[in-house]
Amino acid sequence: MRTKVKAHTNIALIKYWGKRDERLNLPAVGSISLTLDALWTETEIEFNVRFKTDRLILNGQPATEKELRRTSKFLDLLRQRAGLSSPALISSKNNFPPAAGFGSSASGFAALTVAAARALKLELSGRELSIFARQGSGSAARSIFGGFVEMHAGRLADGSDAFAEPIVPPDYWDVRLLIGVTSQVAKKVSSTAGMNLSKETSPYYQAWINAQPVDLKTMRRAIEQRDFEQIGQLAEHSCLKMHALALSSNPGILYWNGVTVEAMHSVRDLRASGTQAYFTIDAGPQIKALCLPEDEPKVRAMLESIPGIQQVISCAPGPAPQILEVE
Ligand code: PMV
């Protein structure tokens with residue numbers, strides 16, 4: 001009962017911010033993302049009745065108590081479904097630097113879900129895998145698929161309608177996401193803590209929820225029509241709205257540093273000079289620039305010229321999780 005799986009991380013173009021149920025990790029809004037080829041997690045899992053407890057190795061080091069607890073709790077959901085209670089040995093590694101601004105949670109929980117389901121011989125649909133992955137981390141539900149993906153907020157209390165599904169596959173359209181790393185310092189407010197604070201205190205929270213269905217619908221259509229300008233405009237607007245929620249929470253949450261702000265201006269200056277480039281930023285200080293493949297060298301050069309950008313990582317549309325080994 002051993003399986004090894006590789007899963008890719010994703011970037012949200014229409015952001016998820018806010019939970020409608022914390023216990024089941026149900027999002028308050030839907031979201032749309034692009035799975036990224038260059039950033040992935042490889043996870044190997046073995047269930048064995050002879051193991052005494054779950055053990056978790058992350059990037060070659062034993063995980064912290066907190067990380068192990070979160071993983072065990074998540075695996076219990078799959079063990080319960082399989083009617084088994086065997087402990088597991090999990091070894092997981094990321095190919096991206098911790099400073100890339102991607103918590104490993106999206107690719108990590110997607111890889112863990114697919115690997116554990118396979119090792120436990122569960123025959124699950126993409127939708128079911130996505131529902132399980134969501135309970136590890138909201139963004140992981142989207143990494144169950146490749147290309148452009150939509151996550152549905154759903155309405156049901158049990159979360160059975162809160163799953164992701166593909167919009168178009170990775171080979172439908174080649175676009176690029178360039179990540180400019182501005183800081184190696186871990187963020188002070190986790191996305192869960194930030195979302196909960198925004199829900200409780202931001203005066204704009206309800207307006208954010210109300211506007212999301214139109215953003216989702218417009219983005220879906222723009223992707224289907226390969227309308228890059230529309231996608232870029234919408235992605236930048238969704239990012240700024242999400243950060244407006246964070247900023248308007250009490251106390252306000254500021255995820256950017258000076259370099260992030262400098263880079264936002266530079267992306268807009270480049271756009272004003274005729275290159276289609278748009279920014280998006282998650283719950284951290286890294287800048288992510290969306291562009292077409294032919295403009296990648298120009299956008300990369302622009303990011304690299306900004307003092308304080310430490311590294312630029314280029315990503316193209318990535319695939320769904322792949323099963324690498326089964327024993
Ligand atoms: O589900 P989490 O904890 O990975 O939260 C994701 C939050 C954002 O990255 C800021 C937005 C998103 O939709 O990915």
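A salt bridge here is a side-chain nitrogen of Lys or Arg within 4 Å of a carboxyl oxygen of Asp or Glu. By that yardstick, Lys15 and Asp282 make one, with their closest N and O atoms 2.6 Å apart. Keep in mind that this is a predicted model. The domain assignment splits the protein chain into domain 1 (2–173) and domain 2 (176–315), and the notes below go through how those two meet, one sheet with its helices, and the charged pairs.

**Where the domains meet**

- The C-alpha centres of domain 1 and domain 2 sit 23 Å apart.
- On the contact count, 31 residues of domain 1 touch 45 residues of domain 2.
- Together the two domains bury about 3,300 Å² between them, and 70% of that is on carbon and sulfur atoms.
- Three residues stand out on the domain 1 side: Lys15, Trp17 and Trp173 supply 28% of the area that domain 1 buries against domain 2, more than any other three residues.
- Two salt bridges are counted between domain 1 and domain 2.

**The four-stranded sheet**

- Strands β11, β12, β10 and β13 line up in that order as an open sheet, with antiparallel pairing.
- The edges are β11 (277–280) and β13 (311–315), each of which pairs on one side only.
- Neighbouring strands in this sheet are turned against each other by 25° on average, if you ignore direction.
- Between β11 and β12 (residues 287–291), the antiparallel pairing runs over four bridges.
- In that pairing, Ala277 stands opposite Cys291 of β12.

**Helices across the sheet**

- Helix α6 (residues 228–247) lies across β11 and β12, at about 25° to β11.
- Helix α8 (residues 296–304) lies across β10 (176–181), β11, β12 and β13, and runs at about 160° to β13.

**Charged pairs**

- The structure has 19 salt bridges in total.
- Lys4 pairs with Glu42 in a salt bridge, the closest N and O atoms being 3.7 Å apart. This one links distant parts of the chain, since Lys4 belongs to strand β1 (residues 2–14) and Glu42 to strand β4 (residues 31–47), 38 residues apart.
- Both ends of that pair are tucked away: Lys4 is buried at 19% relative accessible area, and Glu42 counts as buried at 13%.
- Glu150 and Arg220 meet through their side chains in a salt bridge of 2.6 Å, N to O. Glu150 is in strand β8 (residues 148–151) and Arg220 in helix α5 (residues 205–224), so the pair ties together parts 70 residues apart in sequence.
- The two partners differ in exposure: Glu150 is buried, with a relative accessible area of 5%, whereas Arg220 is partly exposed at 29%.
- Asp282, already met as the partner of Lys15, also forms a salt bridge with Lys288, where the closest N and O atoms are 3.1 Å apart.
- Asp282 counts as buried because its relative accessibility is 18%, under the 20% cut-off. Lys288 is buried too, at 1% relative accessible area.
- Elsewhere, salt bridges that share partners join Arg2, Glu44, Glu46 and Glu327 into one network.

Methods
Residues are numbered from 1 along each chain as its sequence is written. This is a predicted model: local features need pLDDT of at least 70, side-chain atom pairs count only at pLDDT 80 or more; totals for chains, interfaces and linings use all residues. Side-chain values use heavy atoms; hydrogens and water are left out. Two strands pair if DSSP finds at least two bridges between them. Helices (H or I, at least four residues) and strands (E, at least two) are DSSP runs, numbered from the N terminus. Axes are lines fitted to C-alpha atoms, for helices over the stretch in contact, and angles run from 0 to 180 degrees between N-to-C directions. Contact means heavy atoms within 4.5 Å. Buried means under 20% relative accessible area, exposed over 50%, partly exposed in between (1.4 Å probe, protein chains only). Domain bounds come from an automatic or database domain assignment. Buried area is the accessible area (1.4 Å probe) that two parts lose on being put together, summed over both.
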